[in-house]
Amino acid sequence: MSATVSFQVTTAHGPRTVTLSCARAGRGEPLLLLHGIGHHRQAWDPVADILATEREVIAVDLPGFGASPALPDGLPHDLATMTAVLGALCAELGVERPHVAGNSLGGLLALELGRAGLARSVTALSPAGFWTPAERRYAFGVLLAMRRLAERMPLPLVERLARSAAGRAALTSTIYARPGRRAPRAVVEETLALAGAPAFTETLRAGTTVRFTDDVPGIPVTVAWGSRDRLLIPRQGVRAKRTIPRARLVRLPGCGHVPMNDDPSLVARVLLDGSR
């Protein structure tokens with residue numbers, strides 16, 4: 001069931017009303033799912049039904065992505081603000097310290113929620129923030145190129161490309177290791193989501209100074225990395241393990257940067273194991 005939720009957030013910039021779109025399904029301990037930059041909550045669709053057999057799954061469109069509007073004027077899309085927003089969302093939904101899983105930007109946010117004491121466990125899939133300066137510049141350059149391409153492509157061309165495996169590879173092979181498996185309609189929708197995300201530029205700008213350098217003590221942490229991640233290269237997972245020594249580091253063979261579509265059963269198992 002999808003819903004739009006409005007709630008109050010108090011930050012260093014004062015109290016503001018924030019609106020987010022989310023979808024809830026299943027029953028069991030709550031599991032909050034956070035997508036990456038330029039994506040939307042439907043990135044989790046390949047694993048959502050599996051997860052919902054054992055968890056109450058809450059998939060969120062981050063502020064300024066998917067169906068969620070950008071944050072109100074004056075609120076930056078930075079790590080501190082996003083952490084406060086997601087904590088307030090959980091309070092509004094009546095979910096105290098959920099398990100949290102995230103991919104890319106969402107993985108970074110999941111780890112920050114864990115560090116802030118707002119999560120009972122964290123599973124981070126190719127999380128941002130463990131890059132060198134050169135690796136960050138490379139990743140941001142690729143993301144900007146993807147965004148510009150998505151903005152400039154007319155919808156009929158996107159739809160035509162999405163109908164073939166080769167076309168889906170041209171549109172999404174940067175983030176998927178097996179782009180031919182992605183449903184044509186899903187490729188169209190995520191291309192439109194990337195082109196139309198109002199918070200893309202500000203979120204990317206806020207990430208230029210981000211590096212995750214603190215441990216996440218007191219809760220179970222799993223960090224998983226696709227062996228064929230072309231955006232955030234897998235050696236960043238080793239740095240994550242050094243930063244969070246008690247974390248479980250998991251390799252996802254044959255998976256790309258957004259692994260949920262490449263191997264749904266494997267990713268679902270990692271998420272369920274991480275939230276036990």
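# Pockets, sheet and helix packing

Q: How do the residues lining the largest pocket divide into nonpolar, polar and charged?
A: There are 13 nonpolar residues, 10 polar ones and one charged residue in that lining. Keep in mind that this is a predicted model.

Q: How much space lies in that largest pocket?
A: About 340 Å³.

Q: Which residues lie nearest its centre?
A: Gly38, Met146, Leu171, Ile175 and Leu194. They belong to a lining of 24 residues.

Q: Which helices each supply at least two residues of the largest pocket's lining?
A: Three helices do: H4 (133–152), H6 (165–172) and H7 (184–196).

Q: And where does the largest share come from?
A: From H4, with four residues of the largest pocket's lining.

Q: What volume does the second largest pocket have?
A: About 240 Å³. Its lining has 21 residues, and Leu105, Leu108, Ala128, Thr203 and Gly207 are the closest to its centre.

Q: Which elements give two or more residues there?
A: Helix H2 (79–93), helix H3 (105–115), H4 and helix H8 (200–206) all do so for the second largest pocket.

Q: What about the nonpolar, polar and charged split in that second lining?
A: The second largest pocket is lined by 16 nonpolar, four polar and one charged residue.

Q: OK, on to the sheet. How many strands form it, and in what order?
A: Eight strands, in an open sheet. The order is S1-S2-S4-S3-S5-S6-S7-S8, with mixed pairing.

Q: Which strands are at the edges?
A: S1 and S8 (248–252), each of which pairs on one side only.

Q: By what angle are neighbouring strands turned?
A: On average, neighbours in this sheet are turned by 25° against each other, direction ignored.

Q: What holds paired strands together in general?
A: Backbone hydrogen bonds, with the strands either parallel or antiparallel.

Q: How many bridges join S1 to S2, then?
A: 10 bridges. S1 covers residues 2–11, S2 covers residues 14–25, and the two run antiparallel. They form a hairpin with two residues between the strands.

Q: What stands opposite valine 9 in S2?
A: Arginine 16.

Q: And S2 with S4: parallel or antiparallel?
A: Antiparallel, joined by five bridges, with S4 at residues 55–61. Cysteine 22 is opposite valine 60 of S4.

Q: Which strands does helix H1 touch?
A: H1 (residues 45–52) packs on the sheet and touches S2, S3 (29–34) and S4. The direction of H1 makes about 155° with that of S4.

Q: Where does H10 lie?
A: Helix H10 (residues 264–274) lies across S4, S5 (99–103), S6 (121–125), S7 (221–226) and S8. H10 runs at about 170° to S8.

Q: Switching to helix pairs: at what angle do H5 and H7 pack?
A: At about 145°. H5 spans residues 155–162, and the axes of H5 and H7 are 8 Å apart. The crossing of H5 past H7 is right-handed.

Q: Which residues make that contact?
A: On H5, Leu155, Val158, Glu159 and Ala162. On H7, Pro184, Arg185, Val187, Val188, Thr191 and Leu192.

Q: And how do the residues of the H5 contact with H7 divide?
A: Into seven nonpolar, one polar and two charged residues.

Note on methods:
Residues are numbered from 1 along each chain as its sequence is written. This is a predicted model: local features need pLDDT of at least 70, side-chain atom pairs count only at pLDDT 80 or more; totals for chains, interfaces and linings use all residues. Side-chain values use heavy atoms; hydrogens and water are left out. Two strands pair if DSSP finds at least two bridges between them. On a 1 Å grid over the protein atoms alone, a cavity is a set of points where a 1.4 Å probe fits but cannot get out, and a pocket is an open set with protein on both sides within 12 Å along at least five of seven lines; lining residues have an atom within 4 Å of a point. Grid points are joined across faces, edges and corners, and a volume is the space filled by probe spheres set on the points. Ala, Val, Leu, Ile, Met, Phe, Trp, Tyr, Cys and Pro count as nonpolar, Asp, Glu, Lys and Arg as charged, and the others, Gly among them, as polar. Axes are lines fitted to C-alpha atoms, for helices over the stretch in contact, and angles run from 0 to 180 degrees between N-to-C directions. Contact means heavy atoms within 4.5 Å. A crossing is left-handed if the near helix is turned anticlockwise from the far one by less than a right angle, and right-handed if clockwise.
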